Amino acid sequence: MNIKEYLGDKKFYKNTALIAIPIALQSLITIGVNLVDNIMLGKLGEIPLSSSALAVSYISFYHICCMGLGMGASVLVSRFWGMKDLEALRKTITLMIRFTVIIGLLFTVADIITPTGIMKIYSNDAVIIEQGAIYLRWSIPCFLLMGLTTTCTIAMRSMGQTRVPLIGSCISFGINIFANWVFIFGNLGAPRMEIAGAALGTLIARIVEFGVNCGYLVLIEKKACYRIKHLFMKCSDMIHDYITISIPVLISDLILGLGTNVVAMVMGRIGPEFVAANSITTITQQLSTVIISGTSQAGCIVTGHYLGEGRIDKAKKYGWTFMFVGFLVGTFAGLFIIFTGDYIISFYNIKEETRLIARQLMDAIGFIVIFQSANSIMTKGVLRGGGDTKCLMIADNIFLWVLSIPLGYLAGLYFHLPPFWIYFFLKIDQFVKAFWCIWRLKSGKWIKKIGGIKHA
């Protein structure tokens, strides 16, 4: 075996970088908006910060659903793009949009009917529930806007179109920061809205981003030429492929999202200090892992393109290259978190107890992210790009529900362990899953038949 073949060549890294870097920059901008939200609300104290963090957990659950729909469709879109089958590609996008609208309406209706009831899932603190419900009421229009933007953006990325989504995020970033500054604190003669101002600023940014990204896809984009009329096309012949590949991704991400929300519930019952500390460290983790996110999606797209072209051996070899890149990127991300933790925490106006918890969580994340990086690039990238979505659905959720949630619950609410160990056990699935990914990649069974491409 020639090791050099598995380390990748210049063309591989160039193709990956052309996809991964714009995605990473877009993720960085999105995280930057969340960071600014956190810092601005953090100036008002732990309660507004905790309330918005828990309210956003519900919105993030919907976003996870959209990511599942989008990334499931991405497997098909990237494969059909490699095959140059534009008709099948358009049908996939149509099915993706239809499912996104249906799920978006469900979340919207729930938010309209009972925002307070939603907040009671995450916390038993009356003040946090009241403040979080205010945030959710202002976020009602965000669901469909965010869902369509997310899924259409992923579809464009799968065709190698990364520039426009990046531009859309840059514009919304500036608008969101300005609107937050105006409405949270009541600047420029606007009313001081505090937590409602943060939600309003996000809503304004969502409207603009939707206009840029979705408007470009259905009005301007010329490679796939997807237009509004295609929303009404017949897609019955694509239902089987879509359900076989995309629905397991959606179900997996739904259950994972539910698991993430259960983790948020555990944290919410430990106390507002833990929730506030986790909110700070979550943003820091996201900042350090934007390259992981970009590389994961690049792994799915690149793998899909190679398999669509029938270059199965190449896809297998580059699968190992992505695994190596995953551990390398994770190590750098971990070091970033550990060495910048104190500096980032210093931006927040929080109690000493919250500060000490945040420091311990930073150390835990710095270790876990090494393994999280490797398995994310595999599960959300290479293995997913190979069409191995059913197996991933099972594995993801077994590790989460059998290991992370019960062990995290016991560590936090029964044994009352230090914050470092609570977080470690809440995220232990990331550690175990990295080694499972190595076994799955080695088996070669992750490459599935889609649209005429035979199993290796």
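1. Let's start with Val-101, which sits in helix 4, the helix that spans residues 86-113. In this predicted model, Val-101 is partly exposed, with a relative accessible area of 29%. Once residues up to four places away in sequence are set aside, Val-101 touches Leu-144 and Leu-148. If you would like a distance to check in your viewer, take Val-101 and Ser-78: they are 23 residues apart along the chain, and their C-alpha atoms are separated by 22 Å.

2. His-230 is worth a look next. You will find His-230 in the loop between helix 9 (195-219) and helix 10 (239-270). Is His-230 buried or exposed? Its relative accessibility is 12%, and the cut-off for buried is under 20%, so His-230 counts as buried. Not counting residues up to four places away in sequence, the residues that His-230 touches are Arg-90, Thr-94 and Cys-225.

3. Now for helix packing, beginning with helix 3 (residues 46-83) and helix 11 (residues 272-288). Their axes come within 9 Å and cross at roughly 70°. Helix 3 and helix 11 are therefore roughly perpendicular to each other, and their crossing is left-handed. On the helix 3 side, the contact is made by Glu-46, Leu-49, Ser-50, Ala-53 and Leu-54, while helix 11 contributes Pro-272, Val-275, Ala-276 and Ser-279. Sorted by class, this contact has six nonpolar, two polar and one charged residues.

4. Helix 11 also meets helix 13 (residues 312-345), and here the axes come within 10 Å and cross at roughly 140°. That angle makes helix 11 oblique to helix 13. If you are classifying angles yourself, note that the roughly antiparallel class takes angles over 145 degrees. The crossing of helix 11 with helix 13 is right-handed. Helix 11 brings Ile-280, Thr-284, Gln-285 and Ser-288 to the contact, and helix 13 brings Ala-333, Phe-336, Ile-337, Ile-344 and Ile-345. By class, the contact of helix 11 with helix 13 has six nonpolar, three polar and no charged residues.

5. Staying with helix 11, I would pick out Ala-277, which has its place in that helix. Ala-277 has 0% relative accessibility and so counts as buried. Which residues is Ala-277 in contact with, leaving aside its neighbours within four places in sequence? They are Thr-354, Ile-357, Ala-358 and Leu-361. Ala-277 also makes a nice example of sequence separation against spatial separation: Ala-277 and Glu-46 are 231 residues apart in sequence, yet 9.2 Å apart in space from C-alpha to C-alpha. Glu-46 is one of the helix 3 residues that make the contact with helix 11.

6. Finally, the cysteines. How many disulfides does the count come to? With a disulfide taken as a pair of cysteine sulfur atoms within 2.5 Å, the count comes to zero. Cys-300 is in no disulfide, and the nearest cysteine sulfur, that of Cys-437, is 14 Å away. Cys-300 has 0% relative accessibility and therefore counts as buried. Cys-437 is in no disulfide either; for Cys-437 the nearest cysteine sulfur is that of Cys-391, 9.6 Å away. Cys-437, with a relative accessibility of 0%, also counts as buried.

How values were computed. Residues numbered from 1 in each chain as written. Predicted model: local features only at pLDDT ≥ 70, side-chain atom pairs only at ≥ 80, totals over all residues. Heavy atoms only, no water. Axes fitted to C-alpha atoms, helices over the stretch in contact; angles between N-to-C directions. Helix = DSSP H or I, 4+ residues; strand = E, 2+ residues; numbered from the N terminus. Parallel < 35°, antiparallel > 145°, perpendicular 65-115°, else oblique. Left-handed = near helix turned anticlockwise from the far one by under 90°. Contact = heavy atoms within 4.5 Å. Nonpolar A, V, L, I, M, F, W, Y, C, P; charged D, E, K, R; others polar. Buried < 20%, exposed > 50% of the residue type's maximum accessible area, 1.4 Å probe, protein only.
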